[in-house]
Every structure is written in C-alpha cells, then in structure tokens.
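Colleague: Could you pick one part of this model and take me through it slowly, residue by residue? I would enjoy a close look at a single spot and whatever surrounds that spot.

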Amino acid sequence: MKIIKKIFLFLLIILVIAQFFGPEKNEGDLASIDAFLAETNPPEDVKLILKETCYDCHSDVTRYPWYNKITPVNYWLNHHVKDGKKHFNFSNWEGNSIKRKDHKFEELIEMVEDKEMPLESYTWTHSEAKLTDAQIASVIDWAKKVRFTYSLMPKPE
C-alpha cells in the first residue's frame, strides 16, 4: 500500500510542476485572414460561420478556452490546432497555388457535407459551432462558387 501512495504522490507532484509549462500558443493577428477573405469573398453569414467554427483550428488566431490552462489538456488542444492548420490554413492562403487552393476547397466541401467538420470534440464545448443544415448549405454553395472561380483561372502546366 505504501508503494501505491508514493507513486500517486510522485505523479501528483509531476502534474503540479507540469502546470508551469505548456506549448506555444497560436495567437496571431486576425489580419492574417484578410487575404483569404478578399480572395474568396464569403457572404456575411458564411464569414460568421467561418469565425465561429473554423478559425480556432485552421488559422493563426485561436480563441483559447479556460481549460487550456490545464496541462495536459493544453497539449491536446495544441495538437488539434497544429493538425488543423496542416490540412487547411486560412492565414497561409496567399502562398498556395490555384490548384492547391481548389483542392483545399474540394476537401472543405467534402468534410462539411459529410459533417466531419467541425469535429465533434470541438462542438462539445463550442455549441455555437454546430452547423445547421441551412448553414452547411450556405458554406457548400459559397465553396462551390469559389471552386468555379478557380476553374476559370489559368493553371501553370
């Protein structure tokens, strides 16, 4: 029994010490999204949807919840943000080719249609991010228009 108490005490001390450390936060400038918005021109309702459901994980601007101060939760959230930005990053839009941008919108349409985005784990604590069928339709309509615009642009061989 004494060994279990010592192990528990050791783990508790490690957990307390870990609270003083954490991953680097994803706290960029909202202006980093301006190029994306200017190029894709989403209607106001879609802009709001993007802000409420996408930017936290898919841009350089994350609004952190109170529980992000708790280790190891902050590392789990940081992993989600890094993974989300790897797949689609609103803040790094200008550096992509037309072909890549079109492909990203193809993926966006697929993920939203299949209700794979936003992640269920995100909507547990962000109820405003749960998309209605009408919101899904708005996002998909806008994304299809953007893809059409990209299809008209010349692509390098």
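Modeller: Happy to! Let's start with Ser59, which is buried, with a relative accessible area of 0%. Please keep in mind that this is a predicted model. Ser59 sits in the loop between H4 and H5, and its side chain makes polar contacts with backbone atoms on either side of it in sequence. One goes to the backbone oxygen of Tyr55, at 2.7 Å; in the other, a polar atom of the Ser59 side chain lies 3.0 Å from the backbone nitrogen of Val61. Beyond its neighbours within four places in sequence, Ser59 is in contact with Asn26, Ile33, Lys85, Asn89, Phe90 and Ser91.

One of those partners, Lys85, falls within helix H5, which runs over residues 73-87. This helix has 15 residues and spans 22 Å from its first C-alpha to its last, close to the 21 Å expected at 1.5 Å a residue. Its buried residues are Asn74, Leu77, Asn78, Val81 and Gly84. Viewed down the helix axis, these fall within an arc of 130°, so they line one face of H5. The general background is that an α-helix has 3.6 residues a turn, so residues three or four places apart point the same way. Helix H4 (55-58) is included in what covers those buried residues, while the face turned away from the buried side carries the exposed residues His79, Lys82 and Lys86.

Now back to the loop that holds Ser59, where Arg63 is worth a look too. Arg63 is partly exposed, because its relative accessibility is 37%. Arg63 forms a salt bridge with Glu52, the closest N and O atoms being 3.9 Å apart. Glu52 belongs to helix H3 (residues 44-53) and Arg63 to the loop between H4 and H5, so the pair ties together parts that are 11 residues apart in sequence. Arg63 also forms a salt bridge with Asp56, with 3.2 Å between the closest N and O atoms. Asp56 counts as buried, at 3% relative accessibility. Glu52, Asp56 and Arg63 are thus linked in a network of salt bridges.

To put that network in context, the count for the model comes to 9 salt bridges. Another of them joins Glu39 and Lys101, with the closest N and O atoms 2.9 Å apart. Glu39 lies in helix H2 (residues 34-40) and Lys101 in helix H6 (residues 98-113), so this pair ties together parts that are 62 residues apart in sequence. Here Glu39 is partly exposed at 34% relative accessible area, whereas Lys101 counts as buried at 5%.

Notes:
Residues are numbered from 1 along each chain as its sequence is written. This is a predicted model: local features need pLDDT of at least 70, side-chain atom pairs count only at pLDDT 80 or more; totals for chains, interfaces and linings use all residues. Side-chain values use heavy atoms; hydrogens and water are left out. Helices (H or I, at least four residues) and strands (E, at least two) are DSSP runs, numbered from the N terminus. The expected span of a helix is 1.5 Å times one less than its number of residues. Buried means under 20% relative accessible area, exposed over 50%, partly exposed in between (1.4 Å probe, protein chains only). The arc is that of the directions from the helix axis to the C-beta atoms. Contact means heavy atoms within 4.5 Å. A polar contact is a pair of N or O atoms within 3.5 Å; within protein, one must be able to donate a hydrogen and the other to accept it, and residues adjacent in sequence count only if both atoms are side-chain atoms. A salt bridge is a side-chain nitrogen of Lys or Arg within 4 Å of a carboxyl oxygen of Asp or Glu.
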